[in-house]
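The following questions and answers take some descriptive terms one by one and ask what lies behind each of them.

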Amino acid sequence: DLTDAETAMRGYIITEDSVFLEPYDDAIQEIPLLWNELKDLLKDNNEQQKRLDTLHQLTLKRMDIMNAGLMNYRANGLKITNEWRQGRHEGKKAMDSIRFCIARMNDTEQKLIQDRKTKLSGFFWGAKAMAIISLAIITMALVYSMVTFNMENKAREKAMKTADQYKVDLES
C-alpha cells in the first residue's frame with residue numbers, strides 16, 4: 001500500500017491531476033487496518049511483534065514524509081522545491097528500511113512455516129505408524145480367530161461324530 005501511495009503521488013506530480021491521488025488516499029486509509037491485522041496475527045510471537053512495531057514506526061515516518069511532500073508541493077504552486085527533494089531522499093531511506101524489515105519478517109515466518117511443517121510431518125509419521133501397527137494387530141486377531149474357529153469347528157465335528165457313534169451304539 002505504501003508503494004501504491006508513492007506511485008499515486010508520483011502520478012499526481014507528473015500529471016498535476018488530482019485523480020491520481022485516489023490510490024494514495026485509499027492506501028493511507030488501508031495501512032492502519034493492515035497494521036492492526038498484522039498485530040493480531042503476530043500476537044503470539046514477541047520477536048515478530050518487535051519487528052512489527054519497528055515497521056509501524058517506519059511506515060508512519062514514510063507516510064509523514066509523503067504527506068509533508070504533498071503539502072509542500074501544493075503550497076508552492078505545484079512546484080518541486082529543495083525541501084521536497086530532501087524529503088524524497090529521507091523517504092527512500094525509510095522505504096529501504098521498510099523493505100529490509102519486511103524481508104526479515106518474511107524470513108522468520110518462512111522458517112516458522114518450515115518448522116511447523118517438520119513437526120506436522122513427524123506427527124503424520126506417528127499416525128501412519130499407529131495405523132500400520134493397528135492393521136498388524138487386526139490381522140493377527142483375524143488369523144487367531146480363524147485358527148480358533150477351525151479348531152473348535154473340528155472339535156465340534158469330532159464330538160458330533162462321537163455322539164452319533166454313541167447313539168448308534170445305544171440303539172443297537
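Q: What area does the protein expose, and what share of it do carbon and sulfur atoms supply?
A: In this predicted model, the protein exposes about 13100 Å², and 60% of that area is supplied by carbon and sulfur atoms.

Q: How many helices and strands are there in the protein, and what pattern do they follow along the sequence?
A: The protein has four helices and zero strands, and reading along the sequence gives the pattern α-α-α-α.

Q: Why is the protein called more spread out than a compact globule?
A: For 172 residues the globule rule gives 16 Å, whereas the radius of gyration of the protein is 38 Å, which is well over that value, so the protein is described as more spread out than a compact globule. Taken along the principal axes, the box filled by its C-alpha atoms is roughly 135 × 30 × 20 Å.

Q: What makes Tyr12 and Tyr73 an aromatic pair, and why is the pair called edge-to-face?
A: The structure holds one aromatic pair. The ring centres of Tyr12 and Tyr73 are 5.8 Å apart and their planes stand at 75 degrees; because centres within 6.5 Å count as a pair and planes over 60 degrees apart count as edge-to-face, both terms apply.

Q: Which parts of the chain does this pair link?
A: The pair links distant parts of the chain, since Tyr12 belongs to helix H1 (residues 2-15) and Tyr73 to helix H3 (residues 46-75), 61 residues apart.

Q: Are Tyr12 and Tyr73 buried or exposed?
A: Both Tyr12 and Tyr73 are buried, and buried residues make up 23% of the 172 residues in the protein.

Notes: Residues numbered from 1 in each chain as written. Predicted model: local features only at pLDDT ≥ 70, side-chain atom pairs only at ≥ 80, totals over all residues. Heavy atoms only, no water. Helix = DSSP H or I, 4+ residues; strand = E, 2+ residues; numbered from the N terminus. Rg over C-alpha atoms; globule rule 2.2 N^0.38 Å. Buried < 20%, exposed > 50% of the residue type's maximum accessible area, 1.4 Å probe, protein only. Areas by Shrake-Rupley, 256 points an atom, 1.4 Å probe, with all protein chains shown as cover. Phe/Tyr/Trp six-rings, centres within 6.5 Å; stacked < 30°, edge-to-face > 60°.
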